Amino acid sequence: MKIDKRNILNKVKEFKGLFWKNIKKHFGIFLVVIVLILLIDLISIISPSFSDFWVKYVESLRFHISGKILDNFSFSVGILFMNYWWILVSLSLVIFAVVVFVTRKFMATCLVFLKMLVGIGIIVLFVLSSSYLIPMNKTSISQKNNWIGEEYSEKELYTYGEFLLNKINELYPKLNRDENGYLKLPNQMEEEAILSLKNLSSDYPELKGYYLRVKDEGSLNMVTGGFLDQGQVAGVYMDIGEIAMENNLAIQTPEVICHEYAHSKGFSREEEAD
């Protein structure tokens with residue numbers, strides 16, 4: 001059978017023309033939104049005061065809404081997705097194939113799935129920009145308080161380290177432990193962490209308001225294989241509006257809870273969260 005190359009080329013050109021026509025028709029608004037998000041990111045880099053405004057009003061509202069929704073789940077949605085994203089992708093491909101087979105409308109199905117993919121990408125871009133990039137560009141604590149860095153000699157640092165070590169050894173026997181020697185923390189540790197941070201809200205107004213419910217990543221170990229445990233991470237704040245903790249690292253829990261809560265309040269820099 002003789003293959004008509006000219007006819008094939010015409011079909012390909014027709015498909016390309018139709019494809020780009022549909023892209024311009026259906027994805028113009030998506031392009032505008034992406035450009036707008038990138039423009040906001042650029043402004044935040046140039047203007048720390050804009051970043052301050054965004055964190056105080058826009059990000060706090062987004063965080064409050066997403067946090068309230070995700071708090072209804074007893075497990076961490078973010079960590080579950082990070083471990084099983086491939087199942088969602090595989091399922092999407094299967095659904096795509098079934099829809100194409102049933103409807104026989106390949107182009108229309110491609111457009112629908114492409115719109116969904118681009119829409120999800122835009123949401124992810126906005127969340128990352130709002131919760132991480134823009135807060136990274138806000139006025140730092142040292143700038144707000146006019147702190148001036150000081151240089152310390154090696155001897156001074158050694159003396160201070162020795163003081164801390166002696167203080168730790170002094171307090172170590174006073175820690176409450178169970179019959180196996182493991183550290184026992186009060187059940188209300190999360191509430192105490194929130195109260196401690198709110199007590200600082202007179203100096204740092206960002207610490208006021210709503211606080212997330214900390215998710216115990218140990219509740220997901222059976223299905224995720226212990227994401228945090230494998231990564232040697234005590235806790236993590238996810239930009240979608242969740243905090244997950246590794247329950248096997250109890251001695252770090254008070255500091256980690258406060259650290260991750262600080263991230264959720266717009267302190268993206270690690271040194272500021274500490």
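This is a short walk through one protein chain, going from the overall picture to its cores, its helix pairs and a few single residues.

Okay, hi everyone. Before anything else, please keep in mind that what you see is a predicted model.

Let's start with the whole chain. We have 274 residues here, and 30% of them are buried. The secondary structure works out as 12 helices plus three strands. As for the surface, about 18800 Å² is exposed, and 66% of that comes from carbon and sulfur atoms. One more global number: take the contacts with a sequence separation of 6 or more, and 69% of them join residues 24 or more positions apart.

Now the inside. Which residues touch the most other members of the largest nonpolar core? That would be Leu197, Leu207, Tyr211, Leu212, Ile257, Tyr261 and Phe267, in a core of 16 residues. Two helices to look at here are α8, residues 189–198, and α11, residues 253–264, since each supplies at least two residues of this core. The largest share comes from α8, with four residues.

If you click on Tyr211, you can see what surrounds this residue. Skipping neighbours within four places in sequence, Tyr211 is in contact with Asp71, Ile194, Leu197, Lys198, Tyr261 and Lys265. There's also a second, separate core, this one of six residues, and Phe30, Ile37, Met107 and Leu111 are among them.

Right, on to helix packing. As a reminder, a pair of packed helices is described by the angle between the axes and by the distance between them. I'll do two pairs, and α2 is in both.

Pair one is α2, residues 28–46, with α3, residues 48–70. Their axes come within 5 Å and cross at roughly 120°. So α2 counts as oblique to α3. On the α2 side the contact involves Ile40, Ile43, Ser44 and Ile46, and on the α3 side Pro48, Phe50, Ser51 and Trp54. What classes do the residues of this contact fall into? Six are nonpolar, two are polar and none is charged.

Pair two is α2 with α5, which covers residues 106–136. Here the axes come within 11 Å and the crossing angle is roughly 10°. That angle is under 35 degrees, so α2 and α5 are roughly parallel to each other. The list of residues is worth having on screen: α2 brings Phe30, Val33, Ile34, Ile37, Ile40, Asp41 and Ser44. From α5 you get Lys115, Val118, Gly119, Ile122, Leu125, Phe126, Ser129, Leu133 and Ile134. By class, this contact has 11 nonpolar, three polar and two charged residues.

Let's stay on α2 for two single residues. Is Ile40, which sits in this helix, buried or exposed? Ile40 has a relative accessible area of 18%, under the 20% cut-off, so this residue is buried. Leaving out residues up to four places away in sequence, Ile40 touches Phe50, Trp54 and Ile134. And Ile40 is 11 residues from Ser51 along the chain, with 9.3 Å between the C-alpha atoms.

Leu38 is in α2 as well, and at 47% relative accessibility Leu38 counts as partly exposed. From Leu38 to Leu125 you go 87 residues in sequence, while the C-alpha to C-alpha distance is 9.0 Å.

Over on α3, have a look at Lys68. This lysine is partly exposed, at 43% relative accessibility. How far apart are Lys68 and Leu212 in sequence and in space? They are 144 residues apart along the chain and 7.7 Å apart from C-alpha to C-alpha. Leu212, remember, is one of the residues I named for the largest core.

Last stop, the helix α12, residues 270–273, where we find Ala273. With a relative accessible area of 8%, Ala273 is buried. Which residues does Ala273 touch, not counting those up to four places away in sequence? His259, Ala262, His263 and Phe267. Phe267 also came up in the largest core. Ala273 and Glu260 are 13 residues apart in sequence, with a C-alpha to C-alpha distance of 7.4 Å.

To recap the helix pairs: α2 is oblique to α3, and α2 is roughly parallel to α5. That's it from me, thanks.

Note on methods:
Residues are numbered from 1 along each chain as its sequence is written. This is a predicted model: local features need pLDDT of at least 70, side-chain atom pairs count only at pLDDT 80 or more; totals for chains, interfaces and linings use all residues. Side-chain values use heavy atoms; hydrogens and water are left out. Buried means under 20% relative accessible area, exposed over 50%, partly exposed in between (1.4 Å probe, protein chains only). Contact means heavy atoms within 4.5 Å. Accessible areas come from the Shrake-Rupley method with a 1.4 Å probe; for residues, only the protein chains shown count as cover. A nonpolar core is a set of buried Ala, Val, Leu, Ile, Met, Phe, Trp, Tyr and Cys residues joined through side-chain atoms within 4.5 Å. Axes are lines fitted to C-alpha atoms, for helices over the stretch in contact, and angles run from 0 to 180 degrees between N-to-C directions. Angles under 35 degrees count as roughly parallel, over 145 as roughly antiparallel, 65 to 115 as roughly perpendicular and the rest as oblique. Ala, Val, Leu, Ile, Met, Phe, Trp, Tyr, Cys and Pro count as nonpolar, Asp, Glu, Lys and Arg as charged, and the others, Gly among them, as polar.
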